[in-house]
Amino acid sequence: MARYIPRATLISITPIPIGNTPRPNSILPSQTHRFDASKASLFFGRRFHALCGGGWRTGPRPSLRICAAQRDYRRVRRRAPKRKDKELELNVSICIEEELPDDPEILGVAELLRINVPMALKLAFDGLKDSEYKTRDNAISDVGGFQSVELSVMLCNDEFIRKLNKEWRDEDHATDVLSMSQHVPELRLPILMLGDVVISVETAARQAEERGHTLLDEIRILMIHGLLHLLGFDHEISEEAEVEMEKEEELLLKSIGWAGKGLIQSASDAEINAISHEDKQDDRKREGSLRFYKPKFKYIFCDMDGTLLNSKTQISSTTAKALQEVSSRGVKIVIATGKTRSAVINIFKMVDLAGKDGIVSEFSPGVFCQGLLVYGKQGREIFKGNLDPNVCREACLYSWENRIPLIAYSEDRCFTLFDHPLVDSLHTVYHEPKGEIMPSVEHLLAAGDIQKVIFMDTAEGVATTLRPYWSGAIRDRAAVVQAQPDMLEIVPPGTSKGSGVKLLLDHLGITPKEIMAIGDGENDIEMLELASLGIALSNGSEKTKAVANLIGAGNDEDGAADAIYRYAF
């Protein structure tokens, strides 16, 4: 949890003022900034302390050098008080790491810390007076000998704190708080450079939920813990030191009137209750954590069968939660599928994600029937492609003569020539509209415009008989597409799911750089190639995986959800 790095120098910051508020007696204004970690770290060489996974971990304590830079610091408020002679100035900067989104709760916490941290700092200094600690490093003793005190508190996410932990402690996992000292007693400066406390709001949010208090309560607890490290307390050196620091945590929290136990006691309770928080050493975000990250893409285009749907043709609860969470963060989910729009809506109804406030509805954009039906803004049809009636007639006659079931798609209706279990499965298993049996080929052709036809057979029958025959029979009048091993689709030439996605992007005014795409079948190849990031699931075809930027987990392993948590933010 907390880490301590001595001997550091914080780069000076000149924030832009936003407002003014009165200040308490001898405390100069704290400041809230945005910190850009893309340039470098905020911090110079220090020593770290950490607590995670239900137990204390002690890292190496070399004298480290950490570089710093800043960009886009944002100051929440500025106060310009008159200073009294010989008054100890407490200068506190509250920083928000640049990649942490503008979440209202986080901004509210930062604003309260602007008041809370100087208050805690003053009480902690008061506690040092005339106190005899057996284990505390007394390098900081007479605070009154300084003209001012400098301290910064940074709020960040797990990704940022994990990088610090890896770089400076060689521990490749996130933690809740890092404490970094900048005090160099030998320099005898008039300013006490206390250092920096770095807090992962993401980890703090999980711990707050587990411990039954608010995010603000947990961050206050972490801040107290980190502050005490900067003042020379170190629970890692001995059991006696741990007890002494634990008592000081409890005393400070109680004196200020803040809720919760001290961090040491909370960690001890977690260990007793066998609560483990082993962080995955990869880039996958946790469920519920996307609020702490900025999205990399504006749109995610997703296939249905074999991608969002598992082998039971269902959207799993994990995938549903991922879709709901990413949507709540402002990223648009667009379905690109061979299915009809009505089938997709029915599937999403099963997980309560259909309708005006859901992922799909009659008013949302999407690419359906292999790009033959494209709906744009407000769900209006912007493209419809129809199969050549002569090709459709030939396919129907072939179906009738060979008793191989065929389904003809006409917008949100499906037609067939005879009853068959495979035709029924298209409705019961794949959730397509129930096939309407037509009395003849001519009746079927007259029922409406046909966008595509699908032959259904065994995977072997499709591979050895249907695909070779129809690839030669239709020549340039149509094209064959295979999304499932036991289905062969015949579609108009020059149209595909990829062309439908291109058309929709132009309609919406977005570029391929703004989209991520997830698919599995050969019909997804163009879409994956078009997207800035194309991800093929491991259950996909070899041709599809060959063109993808990345290969994700399988559809029965919630591969789409995993791709979202791993790569979308």
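In which sense do strand 9 (residues 332–336) and strand 10 (residues 366–368) pair, and over how many bridges? They pair in the parallel sense, over two bridges. The legends below describe close-up views of a predicted model.

**View 1. Strands 9 and 10 belong to an open sheet of eight strands.** The strand order is 12-11-10-9-8-19-20-21, and the pairing is mixed. Strand 12 (381–384) and strand 21 (550–552) stand at the edges. Each has a single partner strand, so one side of each is left without a neighbour in the sheet. On average, neighbouring strands are turned by 20° against each other, direction ignored. Within the pairing of strands 9 and 10, Ala336 has Val367 of strand 10 as its bridge partner.

**View 2. Helix 17 (residues 559–567) packs on the eight-stranded sheet.** The helix touches strand 8 (299–302), strand 19 (515–519), strand 20 (533–537) and strand 21. Its direction makes about 155° with that of strand 19. Asp558 lies in the loop between strand 21 and helix 17. Asp558 is not a glycine, yet its phi is positive, near 55°. Most residues other than glycine have a negative phi.

**View 3. A second open sheet has six strands.** Its order is 15-14-13-16-18-17, with mixed pairing. The edge strands are strand 15 (436–437) and strand 17, and each pairs on one side only. Strand 14 (residues 413–416) runs parallel to strand 15, and two bridges join them. Phe415 has Glu436 of strand 15 as its bridge partner.

**View 4. Helices 10 and 13 meet strands of the six-stranded sheet.** Helix 10 (residues 389–402) lies across strand 13 (406–410), strand 16 (452–456) and strand 18 (487–491). It runs at about 20° to strand 16. Helix 13 packs on the sheet and touches strand 16, strand 17 and strand 18. The direction of helix 13 makes about 10° with that of strand 18.

**View 5. Arg475 sits in the loop between helix 13 (459–473) and strand 17 (479–481).** Is Arg475 buried or exposed? Its relative accessible area is 69%, over the 50% cut-off, so Arg475 counts as exposed. Arg475 also has a positive phi of about 50°, although it is not a glycine.

**View 6. Helix 4 (residues 215–230) crosses helix 5 (residues 239–256).** Their axes come within 10 Å and cross at roughly 130°. The two helices are therefore oblique to each other. Helix 4 passes helix 5 in a right-handed crossing. Helix 4 makes the contact through Ile221, Ile224, His225, Leu228 and His229. Helix 5 contributes Met245, Glu248, Glu249, Leu252, Leu253 and Ile256.

**View 7. The largest nonpolar core has 101 residues.** Those with the most contacts inside it are Phe125, Leu155, Leu194, Ile300, Ile335 and Phe348. A second, separate core has 26 residues. Among them are Tyr398, Leu417, Ile474 and Ile490.

**View 8. Leu88 lies in the loop between strand 3 (55–57) and strand 4 (89–97).** Its relative accessible area is 22%, and Leu88 is partly exposed. Leu88 and Val149 are 61 residues apart in sequence. In space, they are 7.4 Å apart, C-alpha to C-alpha.

Technical notes
Residues are numbered from 1 along each chain as its sequence is written. This is a predicted model: local features need pLDDT of at least 70, side-chain atom pairs count only at pLDDT 80 or more; totals for chains, interfaces and linings use all residues. Side-chain values use heavy atoms; hydrogens and water are left out. Two strands pair if DSSP finds at least two bridges between them. Helices (H or I, at least four residues) and strands (E, at least two) are DSSP runs, numbered from the N terminus. Axes are lines fitted to C-alpha atoms, for helices over the stretch in contact, and angles run from 0 to 180 degrees between N-to-C directions. Contact means heavy atoms within 4.5 Å. A nonpolar core is a set of buried Ala, Val, Leu, Ile, Met, Phe, Trp, Tyr and Cys residues joined through side-chain atoms within 4.5 Å. Buried means under 20% relative accessible area, exposed over 50%, partly exposed in between (1.4 Å probe, protein chains only). Angles under 35 degrees count as roughly parallel, over 145 as roughly antiparallel, 65 to 115 as roughly perpendicular and the rest as oblique. A crossing is left-handed if the near helix is turned anticlockwise from the far one by less than a right angle, and right-handed if clockwise.
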